[in-house]
Amino acid sequence: SCFGFGSRFVPDRGWFASMFQPGEVVYANSSLSVYDASGYPRVAVRWGDAGTVVSQAGKSWHVRWDKRQDAGESLVTAMSDTQITREPLKFRDGQWVRLAKTIRLRSGRLLQKGALAVVLDARDDVVDMLLIRTAPSGIQDPFELSVSVTDIVESEQPMWPLQDKLPGGFKLADLVFATADMGQGSPSPVGFGDAGVVFGASEFKDTHLTVRFESARDKGAPIILIVPVNGISKTPQLCQGRRVRLEMPVAFPDGQQVEVGSLGTLIDGAVDSDTSNLVVLDLAMEKKRCFGAPPGSLSVVIPGKMTPEELQVRVEMLEWLSKKNEDKGNLAQNISLLEQNLWSLHGFGTGVGVREVAGSRFHVISQSERILSLRPSPRYGIDGTLESETKSQFSHDALVADNTRTDPYRKSIDFLSRGRRGLEIGTGPFCILSRLCMRSGAASMDAIEASDKSMKSAVSGLQAEQAGLVADGVPEWATLTVSSVSEGEKQPVATAHLGNNQKLNFFQGLSTDDSLQLPGGYNLLVHEILGDLAGSEGAAAVLADIHQRGLLSDDCAFVPRAAHTMLAPTAKLDFAPMAKLLHRWGHKGSSEVEVLGRYAARHFRRENLLAEPQPMEIIDFTKTPELEQSRELVFRTERDGEFDGIHMHLHADFDGAHPIDCLEIHSSDDPTRVSSWSTTYVRLLETPLSLPARSRLVCRCDIDLRGAIAKYQIAVLVGESGCEKPVADFDFQGT
């Protein structure tokens, strides 16, 4: 070169600005392969991996990767400035994510919000485009598609070891079935035939895989195991209760012949390939005929839609098998039996992935057929704050989708809000009630929320609307036209301005905290501090504080106006066959209902009551609520019955709208009426009392709503006045 530099690299000013420094942590923008001893390229560094800059080498940097993907030891490579970045990638190769929205494809395939997926690759030519593979979900098989980074969110799943090619011909997100009992414990948490999803490779690269099984038999939650490749199969296994198809004809000694293609149920499945499988043919239960099917003569069938008659026979067969297992003390076998067979009866395939898109797996089947289900609740539960609810299964999306809940609120708010200055307590991540008030003409709303996460979500939703975008999680009927959103360090922490000089202020903290400096003078108060029981989330104490501090005007309107917990005596529950199977599945294989156990009930019907419900707890929001309540409820049974329990449910009253009565909703046959509130059932007696119609029952109820956790005590007596005999006492607390 005439300038004397020859072929050396001459950095410009922009290059100096982007220089990486020795010791600086960087992230791979693209994968890097190295050749093994046989000349085969193997990925050593995957895009998204973290490394440390060692030194500069001309236009490149030497970067140390502490653990190479193919061999495990550290590796130093030369990387250009386009191959590394200072910022960690939001999503990386092999990361498990969830769909942030429902994706509908033109083929008719529906990929539901919340479904799990794994990141496979990223577009190099299009910014923020990823290739993912969705995990199986219900009847949906794994599926690969390209998505934007805005279509997915991070999941709580950790990163698992990766390989270019998994052993055994498996792929990430494959649906698999256990070929034997596995996992530590007695009984083992994973049963023969239980379903799972391939989540990654393992430290034993050529022999084992990481698999997430859908439901551990001991706890009902997902469990992740490192399993040998021969411990799983892509084919459903021949297990007890499976629907099977004959692959060869069978002739019985009495001359009856059964043709190829005939269907039956496996009574006892053989784990090894040399033993016969005991099969019962598809006949009525009283005519069932068993025989030993030789190896290779059966294949598993995942049933599709069944006629009511076929379904009845199938359900009776599964209950027969369940009772047989229970009598033998083999309850763990019942869990696998029902986990492998109940889902397909209701159109949910193997049941894998259902919890991600539907929340409680236990309630999915119950809701699909409106079947009575009882889910154990802690007798001494938690308080009703959002922080506590986050530790349990809680979904604000489900609340927003609950029309039986939102419709009365919408109608009452529309009836009362125009021109008022409102206060909302517990606005949540979507601030739905304040939004409805603003849409209905409220002059202003002050919304209070203690959770930092929910507050940020509520404010970001309004900021999105200001930018002309759709607020995440907010339904169309609650959207707002926002002109500006400002945030501050003091209270209110944020203010949104709308048209017509409307203003929505956000206060972060508890409503009982004087430091919020609420201005008062409110003539509208809205809240949804209601649990399965009226007082279980602290509404009485919160409203008492608001009234006592004089924050409300004399003409204040309330949404809701009042809430009650209604109580009634119940007859011994007579489970229908499907309800009994569902109960077994949710209670570790047992058909028993625990005495003095507290249960969250779904689809508990009015027909199970022995008398009309009466209010054991009354919270009148229009005045200072009573925090200590005592009531004596006197019932006359309306029919002969076997008394052994009590039932409680929420009833809420509204101005300008029909009340919410959770018992009436759960008793309905209308499939569109689904309440996000459960009702509460308690079995009081081991041996039921036979009571004729017009028998007198007394429930003495003492309720303490002063603390963060509501406390309830109920004493039950039977007999005429002056001759009552105590039969049961039950106390519980919290939500």
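At the start of helix α10, a side-chain oxygen of Ser 451 comes to within 3.4 Å of the backbone nitrogen of Lys 453. A polar contact is a pair of N or O atoms within 3.5 Å, where, within protein, one must be able to donate a hydrogen and the other to accept it, and residues adjacent in sequence count only if both atoms are side-chain atoms. The structure is a predicted model, in which local features need pLDDT of at least 70 and side-chain atom pairs count only at pLDDT 80 or more, while totals for chains, interfaces and linings use all residues. Residues are numbered from 1 along each chain as its sequence is written, and side-chain values use heavy atoms, with hydrogens and water left out.

**Helix α10**

Helix α10 covers residues 452-466, and its 15 residues reach 21 Å from the first C-alpha to the last, close to the 21 Å expected at 1.5 Å a residue; this expected span is 1.5 Å times one less than the number of residues. Helices (H or I, at least four residues) and strands (E, at least two) are DSSP runs, numbered from the N terminus. The buried residues of α10 are Ser 454, Met 455, Ala 458, Val 459, Gly 461, Leu 462, Ala 464 and Glu 465, where buried means under 20% relative accessible area, exposed over 50%, and partly exposed in between (1.4 Å probe, protein chains only). Just after α10, Gly 468 takes a positive phi of about 85°.

**Backbone features in loops**

Two residues that are not glycines also have a positive phi, and they are set out here with their loops and accessibility.

| Residue | Phi | Loop | Relative accessibility |
|---|---|---|---|
| Ala 173 | about 75° | between β14 (152-154) and β15 | 0%, buried |
| Gln 517 | about 55° | between β32 (503-508) and β33 (522-527) | 66%, exposed |

Cis peptide bonds appear in loops as well. The bond from Ser 186 to Pro 187 is cis, with omega near 0°, and Pro 187 is found in the loop between β15 (175-178) and β16 (195-200). Another cis peptide bond joins Val 559 and Pro 560, with omega about 0°; Pro 560 lies in the loop between β34 (552-559) and β35 (562-571).

**The surroundings of Arg 631**

Arg 631 has its place in strand β38, which runs over residues 628-636. Leaving aside residues up to four places away in sequence, Arg 631 touches Pro 615, Met 616, Glu 617, Ile 618, Cys 699, Arg 700 and Cys 701, where contact means heavy atoms within 4.5 Å. Although Arg 631 and Pro 615 are 16 residues apart in sequence, their C-alpha atoms are 8.7 Å apart in space. A polar atom of the Arg 631 side chain lies 3.4 Å from the backbone oxygen of Met 616, and a polar contact of 2.6 Å joins the side chains of Arg 631 and Gln 629.

**The chain as a whole**

The protein chain holds 13 helices and 45 strands, and its C-alpha atoms fill a box of roughly 115 × 90 × 45 Å, taken along the principal axes. Of its 735 residues, 52% are buried. Among contacts between residues at least 6 apart in sequence, 65% join residues at least 24 apart.
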